[in-house]
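Student: I should like a close look at a single part of this model, namely the helix packing in one of its chains. Please give one connected account, and then place that part in its surroundings.

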Amino acid sequence: MGNPVQRPLPDIEDPLYQAHFQGLKDQQLRVQQCDACGQLQWPPRDLCKQCHGDRFHWPVMPDQAVVYTYSVVYRAPHPWFKEHLPYAIVVAELENGLRLLGNAFGVDVEKIQCGVRVKAHFQHDEDSGVCFLRWVPKQ
Amino acid sequence: MSRYQPDTAAIAGIGETEYTRGTDKSGLQLLMEASLKACADAGIESSAVDGLVMTSRVGTNEDFVAGLGITDLKFHAHIKIGGASPVAGLHLACHAVASGIAERVLVSAGRNAYSSMRLGATDSGPRVVWPGDDIRRNLEYPYGMIAPMQWYSLHANRWFHETNASREGMATVALNTRRHAHLNPRAWFRDRPMSREDYDASPMLVTPFKLLDVCLETDGAAAILVTRADAARRAGGKPPVYVAATAEGHPDSPDDLSNRPDILGMGIGKAAPRALDIAGIRLDELDFAEIYDCFTFIVLRQLEEIGFCQRGEAPDFVANGRIALGGELPLNTHGGLLSQAHISGMNHVVEAVRQLRGDAGQAQVAGAHLGLVTGYGDFGDGAIAILHN
């Protein structure tokens, strides 16, 4: 039975986000890096926070991270998420200090704590053509 | 340029609508009702208002000119930092009257949130647009991070992790605030008791927030009329409440919590030292505090960032009756957003004025002379005011 409510979707054609979402489809974590000064930044911005440059490239980051903080949700803020309750949202910190937010659907939410090591998984959704970032605790 | 001199400005009038859940009035009608009451309370004709600071999503300067019959508007501004807007609005109004660009500045807040707009209602009805809308739509909403309590939980869970703060603090704030609401005939939960068992049994919504850690959604509006203090004294109405100092502050990466270098950092931590310095007071001189309380937890965090105690210590600071009426620092004597109404914190300003006029009824703090009000909005913006009689 199909869910009549659509998941909130990102704009994967947005110029500032396109490389990141294409990266997820390719099973890669890509973030924004300033052409001029090499500053890495996330979330992506129109200007480099270091040198105010406006040209960027999108290097691949390692897929290992540590839970910096998290949210465990017991009441859905939007109807699409009801069937996934309870679910965790994880803000995971890469070794270089950048933090990326993803889901942890289908994971025992009790296992999510600050400091837990996680690995990026890439969850492709056929209907929308969007690939989502999922953080899974390492065994 | 000279900085604000303490007591240059005063709050000369306050006005509130009834706070309800369910109304047939529009948001604008509620705003006008509160505004007219604030003018009447100050003893001025609404047509003589010459400055407007609007802190709500509804209402333009033209709406206010029409609704209040303003004849010569000299200044207006909109402030959009969520729940920090009313106190930041007071901040701006004080500087407007101090500089002389206007003499009678109305600051208003209000909404029919319960009847027309539920927060997080992204599938139907008008959508709240937050700062960093692209970040929200592309990196958070798709992952189910949609409602304010979820953003706050990122901050809260990291706070518990870094400081090992006691979990008791949130319950203390919830219960204390409800007890104060029972003393206030204008509080929505004036007749609804809350026991510790009720708190413990309330459902977990988003870790660590139970239902009873979360504020009300209500319909209503509140407004204040700010003038120069000397003008307020000459007007001979109610005794003016003097504004010793105000300040506004913003956290690093104000539109993004995830990559804020220190996620526990908040605007109030930058604003509070500025205000204390201008006012020339110490925190231990305060007789009461009205602290923005959209969640129990954010009260604790503001107390820490203002400097009442170190990070992680607020649960101990609020224990043993310190924040109860009769304690060392009575807190949210009106019932706050948690148990009175969600008027974006303008009800906190109004309550501080009542306390300093000696008009707070059963919730009156004996000998109240010096009070603190804070606002907190969006992803950590802060505003603070120090008032006295």
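Tutor: What follows begins with the helix packing in chain B and then turns to other features of the two chains. The model is a predicted one, and every value below is computed from it.

The account centres on helix α11 of chain B, residues 296-306. One of its packing partners is helix α10 of chain B, which spans residues 267-279. The axes of α10(B) and α11(B) are 8 Å apart, and the angle between the two helices is about 45°. An angle from 0 to 180 degrees counts as oblique when it falls outside the ranges for roughly parallel, roughly perpendicular and roughly antiparallel; α10(B) and α11(B) are therefore oblique to each other. The crossing of α10(B) past α11(B) is right-handed. On the α10(B) side, the residues that meet α11(B) are Ile268(B), Gly269(B) and Ala272(B). Their counterparts in α11(B) are Gln302(B), Glu305(B) and Ile306(B). Taken by character, the residues of this contact comprise three nonpolar, two polar and one charged.

Helix α7 of chain B, residues 168-181, also packs against α11(B), with the two axes coming within 8 Å and crossing at roughly 105°. Since angles of 65 to 115 degrees count as roughly perpendicular, α7(B) and α11(B) are therefore described as roughly perpendicular to each other. From α7(B), the contact draws on Gly169(B), Met170(B), Val173(B) and Ala174(B). From α11(B), the participants are Thr296(B), Phe297(B), Val299(B) and Leu300(B). Six of the residues in this contact are nonpolar and two are polar, with no charged residue among them.

Elsewhere in chain B, strands β2 (residues 51-54) and β3 (residues 75-78) run parallel and are joined by four bridges. Within this pairing, Val53(B) has Ala77(B) as its bridge partner in β3(B). Between the two strands the chain passes through helix α2 of chain B, residues 61-68, forming a right-handed β-α-β crossover. Before β1 (9-16) of chain B lies a segment that contains Asp7(B). Most residues other than glycine have a negative phi. Asp7(B), although not a glycine, has a positive phi, near 70°.

Chain B also touches chain A: 30 residues of chain B are in contact with 33 residues of chain A. Elements of chain B that each supply at least two residues to this side are α5 (133-140), α6 (148-163) and β5 (204-206). The side of chain B that touches chain A consists of 13 nonpolar, eleven polar and six charged residues.

In chain A, an open sheet of three strands follows the order β3-β2-β4, with antiparallel pairing. Strands β3 and β4 of chain A stand at the edges with a single partner strand each, so one side of each has no neighbour in the sheet. Strand β2 (residues 32-34) of chain A pairs with β4(A) over two bridges, and Cys34(A) has Phe56(A) as its bridge partner in β4(A).

The loop between β3 (40-41) and β4 (56-57) of chain A holds Pro43(A). The peptide bond joining Trp42(A) and Pro43(A) is cis, with omega about -5°. A cis bond also leads from Leu85(A) to Pro86(A), where omega is near -15°. Pro86(A) is placed in the loop between β6 (64-73) and β7 (87-93) of chain A.

Key:
Residues numbered from 1 in each chain as written. Chains lettered and ligands numbered in written order. Predicted model: local features only at pLDDT ≥ 70, side-chain atom pairs only at ≥ 80, totals over all residues. Parallel < 35°, antiparallel > 145°, perpendicular 65-115°, else oblique. Left-handed = near helix turned anticlockwise from the far one by under 90°. Contact = placed C-beta atoms within 7 Å. Nonpolar A, V, L, I, M, F, W, Y, C, P; charged D, E, K, R; others polar. Pairing = 2+ DSSP bridges. Right-handed = clockwise from strand over helix to strand, strands pointing away.
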